[in-house]
Amino acid sequence: NYRNCTAYVNTIVTAAAGVLTAFVLGGLNKLKTKVNVWLEARTTAAQREVIHKVAGEAFAFAQTTFKDAGGVHKMHEALQYASLRLTEQGIVYRLRSYKQQLRRHIWSIRLKQKRYSL
């Protein structure tokens with residue numbers, strides 16, 4: 001009787017997790033679209049390309065250099081890296097803009113990793 005109940009609970013929890021994941025991915029996709037629109041309105045195509053490239057570099061830098069650190073610390077270090085590199089290239093934005101672009105890049109990497117791991 002207990003095992004039957006556990007099986008039902010596991011099925012319900014798994015289904016709920018699947019639905020929740022679908023909503024989260026849908027929300028991330030909408031957020032990605034909004035960030036893209038926002039970036040396009042405030043940057044040139046060349047600047048967007050540089051920002052995307054630097055976001056990727058910042059992500060890789062934080063992942064390799066601070067692999068034992070927590071996510072918040074990695075994000076802070078990646079933002080510092082991105083801010084420095086973009087400022088060197090004459091692209092100056094608010095910290096919030098860097099965060100949005102870096103998060104977008106991280107989400108796209110994670111989504112690609114999940115697609116290939118399934």
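Helices α2 and α3 pack with their axes 8 Å apart and at an angle of about 140°. In this predicted model, the two helices are therefore oblique to each other, since an angle has to be over 145 degrees to count as roughly antiparallel. The crossing of α2 and α3 is right-handed.

On the α2 side, the contact is made by Val50, Ile51, Val54, Glu57, Ala58, Phe61, Ala62 and Gln63. The residues contributed by α3 are Lys74, Glu77, Ala78, Tyr81, Ala82, Arg85 and Leu86. By character, the residues of the contact of α2 with α3 comprise ten that are nonpolar, four that are charged and one that is polar.

The setting of this helix pair may now be described. The protein chain contains four helices and zero strands, and its elements follow one another from the N terminus as α-α-α-α. Of its 118 residues, 24% count as buried. Among contacts between residues at least 6 apart in sequence, 65% join residues at least 24 apart.

In soluble globular proteins, nonpolar side chains tend to be buried together. In the present chain, the largest nonpolar core consists of nine residues: Ile51, Val54, Ala58, Ala62, Ala78, Tyr81, Ala82, Leu86 and Ile91. Helix α2, spanning 45-65, and helix α3, spanning 71-88, each supply at least two residues of this core.

Two members of the core merit individual attention, beginning with Tyr81. This residue lies in helix α3. Tyr81 has a relative accessible area of 16% and therefore counts as buried, the limit being under 20%. Leaving aside residues up to four places away in sequence, Tyr81 touches Val54, Glu57, Ala58 and Phe61. These four residues also belong to the α2 side of the helix contact. Between Tyr81 and Phe59, the C-alpha to C-alpha distance is 9.0 Å, and the two are 22 residues apart in sequence.

The second residue is Ala62, which lies in helix α2. Its relative accessibility is 3%, so Ala62 likewise counts as buried. When residues up to four places away in sequence are not counted, Ala62 touches Lys67, Lys74 and Ala78. Of these partners, Lys74 and Ala78 are listed among the α3 residues of the helix contact, and Ala78 is also a member of the largest nonpolar core.

Finally, the positions of Ala62 and Tyr81 may be related to each other. Their C-alpha atoms are separated by 8.5 Å, although the residues stand 19 residues apart along the chain. Ala62 and Tyr81 both belong to the largest nonpolar core, and both take part in the contact of α2 with α3.

Note on methods. Residues are numbered from 1 along each chain as its sequence is written. This is a predicted model: local features need pLDDT of at least 70, side-chain atom pairs count only at pLDDT 80 or more; totals for chains, interfaces and linings use all residues. Side-chain values use heavy atoms; hydrogens and water are left out. A nonpolar core is a set of buried Ala, Val, Leu, Ile, Met, Phe, Trp, Tyr and Cys residues joined through side-chain atoms within 4.5 Å. Buried means under 20% relative accessible area, exposed over 50%, partly exposed in between (1.4 Å probe, protein chains only). Contact means heavy atoms within 4.5 Å. Axes are lines fitted to C-alpha atoms, for helices over the stretch in contact, and angles run from 0 to 180 degrees between N-to-C directions. Angles under 35 degrees count as roughly parallel, over 145 as roughly antiparallel, 65 to 115 as roughly perpendicular and the rest as oblique. A crossing is left-handed if the near helix is turned anticlockwise from the far one by less than a right angle, and right-handed if clockwise. Ala, Val, Leu, Ile, Met, Phe, Trp, Tyr, Cys and Pro count as nonpolar, Asp, Glu, Lys and Arg as charged, and the others, Gly among them, as polar.
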